[in-house]
Amino acid sequence: MKDLTLYRNIGIFAHVDAGKTTTTERILKLTGKIHKIGEVHEGAATTDFMEQEQERGITIQSAATSCFWNDHQFNIIDTPGHVDFTVEVYRSLKVLDGGIGVFCGSGGVEPQSETNWRYANDSKVARIIYINKLDRMGADFYRVVKQVENVLAAKPLVMVLPIGTESDFVGVVDLLTRKAWIWDESGDPMNYKLKDVPSEMKDDVEAYREQLIENAVEQDDELMEKYLEGEEISIDEIKACIRKGTINLSFFPTYCGSSFKNKGVQLVLDAVIDYLPNPTEVNPQPETDLEGNENGNFAIVDPERPLRALAFKIMDDRFGSLTFTRLYSGRIHKGDTIFNTATGKSERVGRLVEMHADSREEIESAQAGDIIAIVGMKNIQTGHTLCDPKNIATLEPMVFPEPVISIAVKPKKKGTDEKMGLALSKMVQEDPSFQVETDQETSEIIIKGMGELHLDIKVDILKRTHGVEVEVGKPQVAYRESITKAIQDSYTHKKQSGGSGQYGKIDYTVEPGEPGTGFQFESKVTGGNVPREFWPAVQKGFESSIEKGVIAGFPCVDLKVTLRDGAYHPVDSSAIAFEIAARAAYRQSLPKAGPQMLEPIMKIDVFTPEDYMGDVIGDLNRRRGIIKSQDPSPTGVRIKADAPLSEMFGYIGDLRTMTSGRGQFSMEFSHYAPCPTNVAEEVIKEVKEREAVK
C-alpha cells in the first residue's frame, strides 16, 4: 500500500503569460522527469502538446503529469491562464489538494489571477505564492506582495527575499535558515551556492523573519506564549505552524525567482512538501444520493473504503478516449466493474494509465489519493461520479458557466456532415463550457463558447485534429428578453369538437423577477377553482414558452408568474387544456408587460502603456463601455470597464493597432443589462432578415 503522506496533488495556475508552463518545465527538469527543458516560446514545452498551444504560446487545456521530489510523489496539473478557458482551471482546482499561484514580477496581480484565486477560494484549496520573472524590467517583489494583500485580500507570508533586481537578480535569501541561495549564470538550476546573507540585506532579513515567525506562531497558543516570553522557537516548530496555517488558509507562503533563468524553483518544491496538504489532510468530499441530497457521509481518503472517484476531464487522443479521474476513496483495478451514477450504468475498466502530458505509463491498479486516466470509458462526461456498484453514492457535481457567444458552422465539403457531428460530440464531452445545437428552422449547426478565442480554437481543432474544414458564420450574441412592469390578466381556453372538449381558465399576474432569478412560479389559488393537480400544467405551459421571447424570439429571463384564480370543467378540463391556456396567456400578456431586450455585459480588463491610455479609453467609450477604474503601474495602466459583448468583437486587433502591439486585455461575462433602443431595433431587424431568408 502506498503511503499517502508522501503524495501531493497540486495545480499551477496564473494569468496568461505569468510563466506557469515554464515553471512546470523547470519542476520536471529538477525532478528528473525530463532531461531537456522545452521552452514555451519555441513551442517545445512538455505540457503544451497541442499544435494550437505550441503556435500561440499559451496553454489551452490542463495537462497532468507525475514526478518525484525528495521521495514525495507530485501529481501536477498545468492549467491555462486565458479567461476563455477558465473552465479548465475550475475543474482542475476541484480535484486538487493544493496549488501554486504564479504571479509575474512586473505584471503583478492580473485579471485572470483574480478569477483563478476566487475559484481556488471557492474550492478551499491551500496555496503557495510564487512571484516569477524577477529578472524582467520593472519587476518588483515587494509591490506584488502588496498587490496580493490589496487586490486579492489575501495574506502573503513572505518566506524569501530576492537578492538583486531585474537583470541583477541572482538569487534569494531563505528567511528561516538565514541562508542566501545564489545561482550562477550557466542556467543550470543545480549550479548554486549557499552563502551568508549579504550585509546590506541583514536588517531587512531580520525584520521580515520576525514578521514571519509572529504570523506563524499565531497558529499554536503554546508556541505563541513561548515566543512572547523570548524563548527561541526551532525551525521545525515554525514549519509545523506554517503548515497548519497554510492548510487552513490563514496565509499563503510566498516565494520568488525566475523560472526561465532556473533561479528559485527548488525552494518552491521544498515548500510544496513542507506546507501543502497530502490527500488525507484535506476536508473530505461530501457524498449525496442520486437525487443530489447530502446523505451525511463523506468520501474519506482511505483505500479500504468503497470506491468514490470523480471524472474531471475527458480527452480524446490517438489511443482512444481518456478519462482523467481523481480517486477520493477505495481502489480501482484493471478489469473492475464500476458504476457511473450520472448515467445509471456500469462499465468495465479496460486500461489504467498514469499520465505524463501526452505520454503514458500503464498501471495495474490505483488507490485513494491518485490522479490517473482510464482508457476507453463510454458515455462519461466531466463531473460524473464513478463508484462501487455495490455501494452507490455521488460526489458533489461541477457547475459550469453558460456560453455567451455563438457562431454557425457548416462543413466546406459535402458529405462530411456526419464526420463533423462525431467530432463535435467528442469536443462537447471534453469541454463542458462548449455547447452545440441545431437550429430547428434553418438546420444550421450552432456552436457556443466563452469568447472569440475559445470558438476560434474549437474551429481550429475541428480542422486539424478531426480533418473537418468548416465555413464560419458571423458571431451571434446571446441576447435575452425580460419585462419591465407587472400585469394582471386572464385567459380562457375553450375547445369543443364532438365528444369531450377542452376547457381551462386562468387568472394570473406576470411581473419582473429579481435579476438572475430566472423563471419563478407561484400559485395562490384557494377554494379549488383550479384543482391542485393542474397547477404543474400551468407552470409547464409558461415555462416552455419563455424559451421564445415576444420581441425577437430570444429566451425570456427573470419572470415571475403567480396563478391567482381560474375555473375548470369537471369533464372537459385536463392538464393539457391548462398547459395550452398558459402558453396562450404568455403570448397574450407579455407584449403588454413592457418587454425589453437585454444584452450580455462583459467585465473588461485592459492593460496599456501610459502613452496610449487616452486612445484606449476613447475607444472603450465609443464601444459603449463604462470605465470603472484606472490603476497606474510602473509598466503601464490597467483599465477596468464594463462593455457590451456585441461591441467587443475583434477588439484585440484594434487594441494592438492602437498600442503598437503592446496592449493586452481579457474579458469575462459579468451580467445582462437592458439594451439601448437603437441597438435593440438593429438586432430585431437582423432577426427578421434572417427569418425572411429562411
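Two strands are taken to pair if DSSP finds at least two bridges between them. In this predicted model, that criterion yields an open sheet of four strands in the order 7-8-9-10, with antiparallel pairing. Strand 7 (160-163) and strand 10 (192-196) stand at the edges with a single partner strand each, so one side of each has no neighbour in the sheet. Ignoring direction, neighbouring strands of this sheet are turned by 25° against each other on average. At one of these edges, strand 10 pairs with strand 9 (residues 179-183) in the antiparallel sense over five bridges. Here Trp-181 has Leu-194, in strand 10, as its bridge partner.

A second open sheet is worth a look beside it. Its four strands follow the order 31-32-34-33, and the pairing is mixed. Strand 31 (487-495) and strand 33 (519-523) are the edge strands, each pairing on one side only. From one strand to the next, the twist averages 25°. Nine bridges link strand 31 with strand 32 (residues 502-512) in the antiparallel sense, and Lys-494 stands opposite Tyr-503 of strand 32.

Two helices accompany this mixed sheet. Helix 12 (residues 535-545) lies across strand 32, strand 33 and strand 34 (559-567), and runs at about 155° to strand 33. Helix 13 (residues 575-589) lies across strand 31, strand 32 and strand 34, with an angle of about 40° to strand 32.

A smaller motif can be followed residue by residue. Strand 17 (residues 337-340) and strand 18 (residues 345-348) run antiparallel and are joined by four bridges. Phe-339 has Ser-346 of strand 18 as its bridge partner. The hairpin has four residues between the strands, and Gly-344 takes a positive phi near 75° there.

Helix packing comes next. Helix 8 (residues 235-247) packs against helix 9 (residues 265-275) at an angle of about 80°, and the axes are 9 Å apart. Helix 8 is therefore roughly perpendicular to helix 9, since angles of 65 to 115 degrees fall in that class. On the helix 8 side the contact is made by Lys-239, Ile-242, Arg-243, Thr-246 and Ile-247, while helix 9 contributes Ile-273, Asp-274 and Tyr-275. By character, the residues of this contact divide into four nonpolar, one polar and three charged.

The interior brings some of these elements together again. The largest nonpolar core has 71 residues, and those with the most contacts inside it are Phe-74, Met-159, Ile-242 and Tyr-255. Helix 9 supplies the largest share of this core, eight residues. Apart from this core lies another of 45 residues, among them Val-409, Leu-620, Ile-639 and Tyr-651. Returning to Tyr-255, and leaving out residues up to four places away in sequence, the residues that Tyr-255 touches include Ile-128, Ile-129, Tyr-130, Ile-131, Phe-141, Met-159 and Val-160. Leu-267, Val-268, Ala-271 and Tyr-275 are also among the residues touched by Tyr-255.

A charged residue rounds off the picture. Arg-360 is found in strand 20 (residues 359-363). Its relative accessibility is 17%, and Arg-360 therefore counts as buried, the cut-off being under 20%. Arg-360 and Thr-65 are 295 residues apart in sequence, while their C-alpha atoms are 9.2 Å apart in space.

Methods
Residues numbered from 1 in each chain as written. Predicted model: local features only at pLDDT ≥ 70, side-chain atom pairs only at ≥ 80, totals over all residues. Heavy atoms only, no water. Axes fitted to C-alpha atoms, helices over the stretch in contact; angles between N-to-C directions. Parallel < 35°, antiparallel > 145°, perpendicular 65-115°, else oblique. Contact = heavy atoms within 4.5 Å. Nonpolar A, V, L, I, M, F, W, Y, C, P; charged D, E, K, R; others polar. Buried < 20%, exposed > 50% of the residue type's maximum accessible area, 1.4 Å probe, protein only. Core = buried A, V, L, I, M, F, W, Y, C linked by side-chain atoms within 4.5 Å.
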